[in-house]
Amino acid sequence: MGDHKEQPLRVGAAVRRRRRALELTLAVVSARSGLSVPFLSQIENDRARPSTSSLEKVADALRTTAVELLAAADPACSVDVVRGDGSEPLSRPRSRSLVRGHHQMHASEFTGDHDAGREFQYRNDQLMYVADGAVEIEAEGRAYRLGRGDTLYLTGGVRHRWRAAESDTRVIVVAVAEHIEAVRDRPRR
């Protein structure tokens, strides 16, 4: 129950993401694949399940493979529970994913310190929430100190680094997944 591996895959979103990444219209994919525009639309909206043959035609039209499309497919479940392991002490540095699978957002929990010198830059927006402790963040040439309950929002493309300022720090980072084109690449100043 709650394990999405038991659920059928929805390949439509993966097809749509790939088509949009290539900046193709349904009409172009239709011409390349020999499948009708209405059928392709039904596939993308998960109202039709393509046969293996049809999925291979779509994959060829999108210059990928059926295996790659299936790997990028979303599970059909809409609820998935990721349970915490309360047995580990908070002071031990670690990170864990709070969302399983290939979804439109990613969420991770960071406990303790990590490589404070590492610089991050994500394509899409992200939100950092300090659940416990405190962090020091450097972003766009400015320094911020966040305490328990504070939130920092970073738009896509912002270079930043952060470190735990206290040993019992726990930070939740929620970000729009890299495969989603939520923000067009912005020119750097």
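Q: Why is Gln 42 called partly exposed in this predicted model?
A: Gln 42 has a relative accessibility of 35%. Buried means under 20% and exposed means over 50%, with partly exposed in between; the value of 35% falls between these limits, so Gln 42 counts as partly exposed.

Q: What places Gln 42 in a helix?
A: Gln 42 belongs to helix H3, which covers residues 37–44.

Q: Which residues does Gln 42 contact, leaving aside its neighbours within four places in sequence?
A: They are Arg 47 and Ala 48. Contact requires heavy atoms within 4.5 Å, so each of these two residues meets that limit with Gln 42. A separate value concerns Gly 12, which is 30 residues from Gln 42 along the chain: the C-alpha atoms of the two are separated by 8.1 Å.

Q: What makes S3 and S8 edge strands of their sheet?
A: The sheet is open and consists of five strands in the order S3-S4-S10-S5-S8, with antiparallel pairing. Strand S3 (94–97) and strand S8 (151–154) each have a single partner strand, so one side of each is left without a neighbour in the sheet. From one strand to the next, the twist averages 20°.

Q: How do you know that S3 and S4 pair?
A: Two strands pair if at least two bridges are found between them. S3 and strand S4 (residues 105–111) are joined by four bridges, so the criterion is met, and the sense is antiparallel. Within this pair, Ser 95 stands opposite Phe 110 in S4.

Q: What makes S7 and S9 the edge strands of the sheet with the order S7-S6-S9?
A: This open sheet has three strands and antiparallel pairing. Strand S7 (142–147) and strand S9 (160–164) each pair on one side only. Neighbouring strands here are turned by 20° against each other on average, direction ignored.

Q: How do you know that S6 and S7 are paired, and in which sense do they run?
A: Six bridges join strand S6 (residues 134–139) to S7, and the two run antiparallel. Pairing needs at least two bridges, so six bridges satisfy the requirement. Ala 134 stands opposite Gly 147 in S7, and Val 135 has Leu 146 as its bridge partner in that strand. The hairpin of S6 and S7 has two residues between the strands, and Glu 140 takes a positive phi near 50° there.

Q: What makes the void in this model count as a cavity, and how many reach 30 Å³ or more?
A: A cavity is a set of points where a 1.4 Å probe fits but cannot get out. By this rule, the count is one cavity of 30 Å³ or more. The largest cavity has a volume of about 30 Å³.

Q: Which classes of residue line the largest cavity?
A: The lining has three nonpolar, six polar and one charged residues. Among the lining residues are Tyr 122, Leu 154 and Val 158, together with Asp 125, Gly 156 and Gly 157. Tyr, Leu and Val count as nonpolar, Asp as charged and Gly as polar.

Q: How much of the protein chain is called buried?
A: Of the 189 residues in the protein chain, 35% are buried, the limit being a relative accessible area under 20%.

Q: What is the secondary structure of the protein chain?
A: The protein chain comes to five helices and 10 strands.

Notes
Residues are numbered from 1 along each chain as its sequence is written. This is a predicted model: local features need pLDDT of at least 70, side-chain atom pairs count only at pLDDT 80 or more; totals for chains, interfaces and linings use all residues. Side-chain values use heavy atoms; hydrogens and water are left out. On a 1 Å grid over the protein atoms alone, a cavity is a set of points where a 1.4 Å probe fits but cannot get out, and a pocket is an open set with protein on both sides within 12 Å along at least five of seven lines; lining residues have an atom within 4 Å of a point. Grid points are joined across faces, edges and corners, and a volume is the space filled by probe spheres set on the points. Axes are lines fitted to C-alpha atoms, for helices over the stretch in contact, and angles run from 0 to 180 degrees between N-to-C directions. Buried means under 20% relative accessible area, exposed over 50%, partly exposed in between (1.4 Å probe, protein chains only).
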